[in-house]
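Trainee: I've got a new model open and I'd like to talk through some of its side chains. Can we go over it together?

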Amino acid sequence: MITTDGAIILRLSDSTPIHRDNFIRLIKCNFYDSILFHRVIKNFMIQAGDPKSKNAGPGLALGDSGTAPIPAEFRVTLFHKRGVLAAARESDDVNPLKASSGSQFYIVEGKKYTDSLLDSVEVKRLKRKIPEDQRKVYKTLGGTPFLDQNYTIFGEVISGMDTVDKIAAEATSKGEDTDRPLKDVRILKTKLIKRKSYQTE
């Protein structure tokens with residue numbers, strides 16, 4: 001994924017094949033080329049995939065369009081550590097089955113959590129225990145644990161987190177187009193590469 005702020009290399013997960021195959025299909029038809037990162041929140045995530053963003057003028061609120069939703073694919077082994085790729089979706093009140101947007105995605109920047117903060121997330125948001133191995137990652141690498149089992153994860157960054165951090169640090173609007181970067185941050189081009197041809201960092 002080549003962006004105006006640098007390159008990001010993602011590895012897609014075979015554990016969520018509906019989302020994996022859908023993302024590959026969109027890349028093959030150049031769907032993401034010229035699309036903006038329309039929602040950016042430092043220490044949280046960067047979001048893109050709204051087709052209306054390709055030609056959106058300054059100040060226009062984005063995020064309400066995309067391709068047809070696809071069913072959720074929650075996996076207990078996949079959690080919102082720093083760098084994961086996940087599907088955005090509409091809120092629970094209009095989307096009780098937590099179906100994913102067919103095109104909008106986000107990449108987690110996240111932050112590091114203490115044990116007490118994770119305890120609070122368990123009680124107030126998740127209503128369940130976070131596995132110990134995942135707690136360790138949230139304390140050392142960071143992430144967004146309160147999203148676990150609510151949004152489908154379908155990949156992760158294997159190179160280019162510096163680009164994610166750069167995008168997340170962009171100045172954003174506080175107007176009707178809340179959290180949209182004031183300077184357009186665009187996906188210039190996406191392409192597929194074979195896993196065996198690329199070694200992870």
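Trainee: Which side chain does the side chain of Ser 100 make a polar contact with?
Mentor: Keep in mind that this is a predicted model. Ser 100 sits in the loop between E6 and E7, and its neighbours further off in sequence include Pro 69, Ile 70, Thr 152 and His 19. Among these, the side-chain polar contact, at 2.8 Å, is with His 19.

Trainee: Is Ser 100 buried or exposed?
Mentor: Anything under 20% relative accessible area counts as buried. Ser 100 has a relative accessible area of 1%, so it's buried.

Trainee: Moving on to Arg 135, which side chains does its side chain make polar contacts with?
Mentor: Arg 135 lies in helix H3 and is buried, with a relative accessible area of 7%. Setting aside neighbours within four places in sequence, it's in contact with Leu 118, Glu 122, Ile 130 and two aspartates. Its side chain makes a polar contact at 3.0 Å with the side chain of Asp 115, and another at 3.0 Å with that of Asp 119.

Trainee: Why do the buried residues of H2 line one face of the helix?
Mentor: Start with who they are: in H2, residues 115-126, the buried ones are Leu 118, Val 121, Glu 122 and Leu 126. Seen down the helix axis they fall within an arc, so they line one face of H2, and that arc is 100°. As a general point, an α-helix has 3.6 residues a turn, so residues three or four places apart point the same way.

Trainee: And which helix do those buried residues pack against?
Mentor: The other side of H2 has Ser 116, Val 123 and Lys 124 exposed. The buried residues of H2, on the other hand, pack against residues 132-140, which is helix H3.

Trainee: Which residue just after H2 takes a positive phi?
Mentor: H2 covers residues 115-126. Just after it, a positive phi of about 60° turns up at Lys 127.

Trainee: Which element gives the most to the largest nonpolar core?
Mentor: That core has 26 residues, and those with the most contacts inside it are Phe 23, Tyr 32, Phe 37, Phe 105 and Ile 107. Elements that each supply at least two of its residues include H1, E4, E7 and H4. With four residues, the one giving the most is H4.

Trainee: How many residues are in the other core, apart from that one?
Mentor: Tyr 106, Phe 146, Leu 147 and Ile 153 are among its members. The count for this separate core is 18 residues.

Terms used:
Residues are numbered from 1 along each chain as its sequence is written. This is a predicted model: local features need pLDDT of at least 70, side-chain atom pairs count only at pLDDT 80 or more; totals for chains, interfaces and linings use all residues. Side-chain values use heavy atoms; hydrogens and water are left out. Buried means under 20% relative accessible area, exposed over 50%, partly exposed in between (1.4 Å probe, protein chains only). The arc is that of the directions from the helix axis to the C-beta atoms. Contact means heavy atoms within 4.5 Å. A nonpolar core is a set of buried Ala, Val, Leu, Ile, Met, Phe, Trp, Tyr and Cys residues joined through side-chain atoms within 4.5 Å. A polar contact is a pair of N or O atoms within 3.5 Å; within protein, one must be able to donate a hydrogen and the other to accept it, and residues adjacent in sequence count only if both atoms are side-chain atoms.
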